[in-house]
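This briefing is meant to be read with the sequence and the coordinates side by side. It gathers the computed features by topic, so that each can be checked in the viewer.

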Amino acid sequence: MRYSTTMTSRWLIVVLLCIAATFAISPSLHAEELSKTDFVLGTVCTVRLLEGGSKATLDESFSRLRTIEDHMSANRDDTEISQVNAMAGKTPVKVSEDTFYVISKALEYARLTNGAFDPSVGPLVKLWNIGNGDEKVPPTEKILAAKALVDWRQVVLDATTRTVFLKKPGMALDLGAIAKGYAADEIEKILLNHKVKAAVIDLGGNVFVFGSKKDKSPWRIGIQNPESERGEYLGIVSGGQMTVVTSGVYERYFIENGKRYHHIMSTQTGFPVDNDLISVSIVSKSSIDADALSTVLFVLGIEKGMEFLKQFPDTYAIFIDKDHNVYLSPGAGKVFNLQDKSYRYAEK
Ligand code: AMP
Ligand code: MG
C-alpha cells in the first residue's frame, strides 16, 4: 500500500527534489511499504516506514510537521515567530514549548559562535529574499540598516512566562537554519512510540535514518554532487541510525554580474558568506544539532569550523569547496566514502 499525495503537490515534489542536497540511497520501495510525501516547512518532506508502523504513524508525523510549521515559520504572518517579530520593540509574546526550546537552542549556538550563527538574522534574510525570484543585490544602506538589527543578545527569553521579546523594533527571528532538524528529531520520537523498526525521514535533504534494516546492512546516505543532477552523489555516508544534514550554496541562490549570492548570511558583512565553500554536511545522532552545525560550520569555514566541532563527540563534518577539494573532520573517514573521481581529499 502506498499513501500518496495529490498530482499538483507531486509535480512540485519532482521539481523540488532536484535541489535537495542529501538523500537516502537505500533501499528501494517495497509493495508493503508505507510512505508519505508532502510539502511542509517550506520543503518536500517524506517519511518512509520500512518495517513497523501504520498509516496512523505517517499521519501523526505529518501533523507534527504542520504544527512545527504553524509555530515556527517566518514566511507566514499567522505563526508564533511572526507574532514575536510583529511585537519587536513593543511587548513579549508567549510561545509554545517547542518554539521556546528551538529559540533557546539557536541562542545557545549564537553564544557559542559569538553571533556567527544568529537566529535574529531575519531582517537580512527578508531584505535579500533569496530563493523567491526577482532577487538583486540590495542597496548598501539597506544592508547596513538590516545588519544593525541582527543581534542575538537583544533576544530576551523568560522561561517562567515562556515569552520571547525582541528588544528593538524591526528585529526579526528566522529559525530556517535549525527548525527542520528539530522536526526530524520530533518524528523520531513518534516512530519510537509507534514501535517502528526501520524508517527514513527526509525533510528537504535533512535525512534521518531510523532503526536498522531487516537484513542488518548499513544505511547509505548520498551527498549530492553540487554540479550535477539530483541522484548523482559525490560520496556516501554509511552506518547505523544517524542523521545527515547539508548546508550548501546551490540550494537557494541567484547570480548577479557573474557572482553567486546564496542564502547563508554573514552577520558581520550583511552579505552571503563568501568563503569558497560549496557545502558542509554533518553526520550526527541529533538532527537539531546537525542542522545548526551545518549552518555554523558553513559560516565559520574549514579551519574554525573543524576547531568548533571538537566540542561535539561522535559528530563528523564533510566540507566541499569550489575547487573540488573534500575536507574531512577527524574520524569522518570512518563513515564517508568519496565516489566521484573529479573530487579529491585535501587538508588545511
Ligand atoms: P541551512 O540550510 O540549514 O544552512 O539554513 C539556512 C537558512 O538559515 C537560511 O535560509 C536562513 O533562513 C537562515 N540563516 C541564514 N544565515 C544565517 C545565520 N548566519 N545564522 C542563522 N541562520 C541563518
Ligand atoms: Mg542548518
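In which sense do β1 and strand β9 (residues 219-224) pair, and over how many bridges? The two strands pair in the antiparallel sense, and three bridges join them. The model is predicted, and the points below take up its sheets, its magnesium site, its aromatic pairs and a few further contacts.

**The four-stranded sheet**

- Strands β1, β9, β10 and β17 form an open sheet in the order β1-β9-β10-β17, and the pairing within it is antiparallel.
- At the edges stand β1 (22-24) and β17 (336-338), each of which has a single partner strand, so that one side of each is left without a neighbour in the sheet.
- From one strand to the next, the twist of this sheet averages 25°.
- Where β1 meets β9, the residue standing opposite Phe23 is Gly222 in β9.
- Thr22 also has its place in strand β1, and with a relative accessible area of 0% this residue is buried.
- Although Thr22 and Ser281 are 259 residues apart in sequence, their C-alpha atoms are 8.4 Å apart in space.

**The hairpin of β2 and β3**

- Strand β2 (residues 34-40) and strand β3 (residues 43-51) pair in the antiparallel sense, with seven bridges between them.
- One of the bridge partners can be named: Thr37 is matched by Thr46 in β3.
- The hairpin has two residues between the strands, and in it Leu41 takes a positive phi near 55°.
- Because six of the seven residues of β2 are buried, this strand is largely enclosed by the rest of the structure.

**The magnesium site and helix α8**

- The magnesium ion (ligand 2) has as its protein donors Ala177 (O), Asp291 (O), Asp291 (OD) and Thr295 (OG1), which lie 2.1 to 2.5 Å from the ion.
- Along the sequence, the donor residues of this ion follow the spacing A-x113-D-x3-T.
- Asp291 and Thr295 are four residues apart in helix α8 (residues 287-300), and are therefore separated by about one helical turn.
- Both of these helix residues count as buried, Asp291 at 5% relative accessibility and Thr295 at 12%.
- Ser294 lies in helix α8 as well, and it is buried, with a relative accessible area of 0%.
- The side chain of Ser294 is joined to that of Ser247 by a polar contact of 2.7 Å.

**Aromatic pairs**

- Eight aromatic pairs are found when the whole structure is searched.
- One of them is the stacked pair of Tyr109 and Phe312, with 6.1 Å from centre to centre and 10° between the planes.
- Tyr109 belongs to helix α4 (residues 97-112), whereas Phe312 belongs to the loop between α9 (302-309) and β15 (316-321), so this pair ties together parts that are 203 residues apart in sequence.
- Tyr109 is buried, with a relative accessible area of 3%, and Phe312 likewise counts as buried, at 17% relative accessibility.
- Another pair, that of Trp128 and Phe271, is edge-to-face, with 5.4 Å from centre to centre and 65° between the planes.
- Here Trp128 comes from helix α5 (residues 122-128) and Phe271 from the loop between β13 (259-262) and β14 (277-284), so the parts tied together are 143 residues apart in sequence.
- The two members of this pair fall into separate accessibility classes, since Trp128 counts as buried at 1% relative accessibility, while Phe271 counts as partly exposed at 31%.
- Ring pairs also link Tyr109, Phe117, Phe308 and Phe312 into a cluster.

**Charged ends over rings**

- The charged end of Lys259 sits over the ring of Tyr261, at 6.0 Å from the centre of that ring.
- The charged end of Arg260, in turn, sits over the ring of Tyr253, at 4.2 Å from the ring centre.

Key. Residues are numbered from 1 along each chain as its sequence is written. Chains are lettered from A and ligands numbered from 1 in the order in which they are written. This is a predicted model: local features need pLDDT of at least 70, side-chain atom pairs count only at pLDDT 80 or more; totals for chains, interfaces and linings use all residues. Side-chain values use heavy atoms; hydrogens and water are left out. Donors are N, O and S atoms within 2.8 Å of the metal (3.2 Å for Na, K and Ca); water is not among the atoms, so sites may look incomplete. Buried means under 20% relative accessible area, exposed over 50%, partly exposed in between (1.4 Å probe, protein chains only). Two strands pair if DSSP finds at least two bridges between them. Rings of Phe, Tyr and Trp (its six-membered ring) pair if their centres lie within 6.5 Å; planes under 30 degrees apart count as stacked, over 60 as edge-to-face and the rest as tilted. A charge sits over a ring if NZ of Lys or CZ of Arg is within 6 Å of the ring centre and within 35 degrees of the ring normal. Axes are lines fitted to C-alpha atoms, for helices over the stretch in contact, and angles run from 0 to 180 degrees between N-to-C directions. A polar contact is a pair of N or O atoms within 3.5 Å; within protein, one must be able to donate a hydrogen and the other to accept it, and residues adjacent in sequence count only if both atoms are side-chain atoms.
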